[in-house]
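Let's take a walk through this one together. Keep the viewer open and follow along as we go.

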Amino acid sequence: MIRIDAAPFTFSLDPSATALVVIDMQRDFIEPGGFGEALGNDISHMQRAIAPTGKLLQLFRQKGWPVIHTRETHAPDLSDCPPAKRERGSPALRIGDTGPMGRILIRGEPGAEIISDCAPVAGETVIDKPGKGAFYATELGKILEGFGVKHLVFAGVTTEVCVQTTMREANDRGYECLVIEEATESYFPEFKAATLDMIRAQGGIVGWTAPLANFENAITQ
Ligand code: C5J
C-alpha cells in the first residue's frame, strides 16, 4: 500500500487498484462563451485547476494506472435532459442553445470537448453523463468493476457540483475517495473550501483531501 499524507488522516491506496477520475474539464465550463459563463459565473477561477490536473494525468500515465474522464453532455435531441434542468433560471444560453462553441453541453459539439491541456489519450475511458453524478445513467460502475479498482482519485470541476456529487456516489458504492485539492475548482472559492471541509469532516464522511505535492511525493518514492 502507498500512504499519502492527507486529511483527515492518511489515505492508503493499492497501486494495483487505483484509478483517476477527472470530472468535466470541458470547454463549456472553463472557456469564454460556454455554459459556465452563460450562467453568469466568473470562469477565471477555473484556470487554477488546469495545470494541477494536467500534472495528475501525467503521474497516472507514467504509472500506467487507469484514467477515466467524464463530460457532462446531452443528446442532440435533448431526450436525456430533463426539462427542469434546461428550463431552470434565466441563463444567457440554455442547454442545447447555439453559442460560440456550438450547442451548449451537446455531445459532439466543440464546447462539450475536454480542454486540450487535459485531453484524453489513447486507452483512456471517456464517459458522457447527463447528470451531475458520474454513476447516474452511465456505465461507470461496470467500468470500475472491470478495472478492479477500490481507490479513486478525483480532479475536475466544479468542486461542489459534479465532483462532490460523484464522490458521494462513489463513497456510497464502497470506493475509498481522495480529491486532490489544487486539481479541482469552483466558480465560488468559498464553495470549494466548504466542500473540501465537508468531504473530510466527521472522520472522512465522504473521503479524503490532499495537496498534489503529497500525492506526487508518495507515489514517486
Ligand atoms: C455544473 C459541473 N456545475 N460539472 N457542472 O453544472 O459541475
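Which residues does lysine 192 touch, leaving out those up to four places away in sequence? The answer is Thr159, Glu181, Glu182, Thr184, Glu185 and Ser186. Bear in mind that this is a predicted model, so every value here is computed from it. Lysine 192 sits in helix α7, which covers residues 189-204. With a relative accessibility of 13%, lysine 192 counts as buried, because the cut-off for that label is under 20%. One of its contacts is worth zooming in on: a polar atom of the lysine 192 side chain lies 2.9 Å from the backbone oxygen of threonine 184.

Stay on helix α7 for a moment, since glutamine 202 is found there too. Its phi is near 55°, which is positive even though the residue is not a glycine. Glutamine 202 is exposed, at 68% relative accessibility. Alanine 137 is another non-glycine residue with a positive phi, here about 60°. You'll find alanine 137 in the loop between β7 (125-129) and α5 (140-147), and at 56% relative accessibility it counts as exposed.

While we're on backbone geometry, have a look at the cis peptide bonds. One joins alanine 7 and proline 8, with omega at about 10°. Proline 8 belongs to the loop between β1 (2-4) and β2. Another cis bond runs from valine 157 to threonine 158, where omega is near -10°. Threonine 158 has its place in the loop between β8 (151-157) and α6.

Helix α6 (159-172) leads us to the largest pocket, as it supplies at least two residues of the lining, and so does α4 (83-87). In fact, the largest share of that lining comes from α6, with three residues. The pocket has a volume of about 530 Å³. How many residues line it? There are 26, and those nearest the centre are Phe35, Leu39, Glu72, Lys132 and Val161. By type, the lining divides into 13 nonpolar, four polar and nine charged residues.

Phe35 turns up again among the contacts of isoleucine 95, alongside His74, Leu78, Cys81, Lys85, Arg86, Ile104 and Leu105, once residues up to four places away in sequence are set aside. Isoleucine 95 lies in the loop between α4 and β5 (98-99), and it counts as buried at 1% relative accessibility. Glycine 111 is 16 residues from isoleucine 95 in sequence, and their C-alpha atoms are 11 Å apart in space.

Last stop: the aromatics. The structure holds seven aromatic pairs. Phenylalanine 11 and tryptophan 208 make up an edge-to-face pair, with 4.9 Å between centres and 70° between planes. Phenylalanine 11 is in strand β2 (residues 11-13) and tryptophan 208 in strand β10 (residues 208-210), so this pair ties together parts that are 197 residues apart in sequence. Buried or exposed, what are these partners? Phenylalanine 11 is buried, with a relative accessible area of 1%, and tryptophan 208 is buried as well, at 11%. The pair of phenylalanine 188 and phenylalanine 191 is tilted, because the planes meet at 40°, with ring centres 4.7 Å apart. Phenylalanine 188 is partly exposed at 31% relative accessibility, and phenylalanine 191 is partly exposed at 39%. Finally, Phe9 joins Phe11 and Trp208 in one aromatic cluster.

Notes: Residues are numbered from 1 along each chain as its sequence is written. This is a predicted model: local features need pLDDT of at least 70, side-chain atom pairs count only at pLDDT 80 or more; totals for chains, interfaces and linings use all residues. Side-chain values use heavy atoms; hydrogens and water are left out. Helices (H or I, at least four residues) and strands (E, at least two) are DSSP runs, numbered from the N terminus. Buried means under 20% relative accessible area, exposed over 50%, partly exposed in between (1.4 Å probe, protein chains only). A polar contact is a pair of N or O atoms within 3.5 Å; within protein, one must be able to donate a hydrogen and the other to accept it, and residues adjacent in sequence count only if both atoms are side-chain atoms. Contact means heavy atoms within 4.5 Å. On a 1 Å grid over the protein atoms alone, a cavity is a set of points where a 1.4 Å probe fits but cannot get out, and a pocket is an open set with protein on both sides within 12 Å along at least five of seven lines; lining residues have an atom within 4 Å of a point. Grid points are joined across faces, edges and corners, and a volume is the space filled by probe spheres set on the points. Ala, Val, Leu, Ile, Met, Phe, Trp, Tyr, Cys and Pro count as nonpolar, Asp, Glu, Lys and Arg as charged, and the others, Gly among them, as polar. Rings of Phe, Tyr and Trp (its six-membered ring) pair if their centres lie within 6.5 Å; planes under 30 degrees apart count as stacked, over 60 as edge-to-face and the rest as tilted.
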